[in-house]
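Visitor: I would like to know what lies behind the labels. Please take me through them.

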Amino acid sequence: MAVQGKTSFGTSDSRGFGRVDTWVFDLDNTLYPSDAMVWPQVDERITLYVMQLYGLDGISARALQKHFYHRYGTTLKALMVEDGIDPHHFLDFAHDIDHSTIRLDVALGAAIERLPGRKLILTNGSRRHAENVAAKLGILDHFEDVFDIAAAGFVPKPERSTYERFLGLHTVDPMRSALFEDIARNLVVPHDLGMATVLVVPPVPDPFRERFEQEAVQEPHIDHITSDLAGFLEACVLPEALGQ
């Protein structure tokens, strides 16, 4: 069930934020809106990488890229398994994008700054990419650290080992943490581990992303759904987190 056009959704038995002391955010398509045009650029760079690696035309490379994505979860994982590529070179290539389309998000920065406790980024991308994007948004200084795909041993979300590695490295109690993420399947394991989960969806469908990636599915592993992250933090999270 989609909630495009609605600010937020939650149920009476949804996990709340009163006990949360660690706030974890995915990066891509979660901390920035679709009109920032970050992901389309990354996606195009990945297609170009596949074209050059296999000597394919654009259409064939795109088809192979999507096949890899659906089979392995990320194109990077597929290329590491299939061809043993250097993941660092791939990430540098894929994230070599124009950041001028990213606007300063004052409202989001103010809301994240007021969250009580620790703030961390958990991403399938690279640390450099996360830091570049977060800096342009004006929110980088609010985060303690970035747990990227290299820190995960290049095992991407939604693998359980990735979340367990993240929680262990940063000494995070999942029962006292919340995760904000844009893909529903990436919230299954975190919820099972005890985290409060928030699915962030675009206010209108994003034509540059696959449909399943932006579905606002109302499932037991999703405690809250929002199409306005800054507004949701301000109106729903902060009052409870601060005991107001």
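Visitor: What makes you say that the charged end of K66 sits over the ring of Y69?
Guide: A charge sits over a ring if NZ of Lys or CZ of Arg is within 6 Å of the ring centre and within 35 degrees of the ring normal. The charged end of K66 is 5.7 Å from the centre of the Y69 ring, so the distance fits, and the pair is listed as sitting over the ring. R45 also lies over a ring face, that of F93, at 3.9 Å from the ring centre.

Visitor: What kind of model is this?
Guide: The model is predicted; local features need pLDDT of at least 70, side-chain atom pairs pLDDT 80 or more, while totals for chains, interfaces and linings use all residues. Residues are numbered from 1 along each chain as its sequence is written, and side-chain values use heavy atoms, without hydrogens and water.

Visitor: Why is the aromatic pair of F25 and F180 called stacked?
Guide: Rings of Phe, Tyr and Trp (its six-membered ring) pair if their centres lie within 6.5 Å; planes under 30 degrees apart count as stacked, over 60 as edge-to-face, the rest as tilted. Here the centres are 4.5 Å apart and the planes 10° apart, so the pair is stacked.

Visitor: What does the pair of F25 and F180 tie together?
Guide: F25 lies in strand β2 and F180 in strand β5, so the pair ties together parts 155 residues apart in sequence (strands are DSSP E runs of at least two residues, numbered from the N terminus).

Visitor: Are F25 and F180 buried or exposed?
Guide: Both F25 and F180 are buried (under 20% relative accessible area, with exposed over 50% and partly exposed in between; 1.4 Å probe, protein chains only).

Conventions. Helix = DSSP H or I, 4+ residues; strand = E, 2+ residues; numbered from the N terminus.
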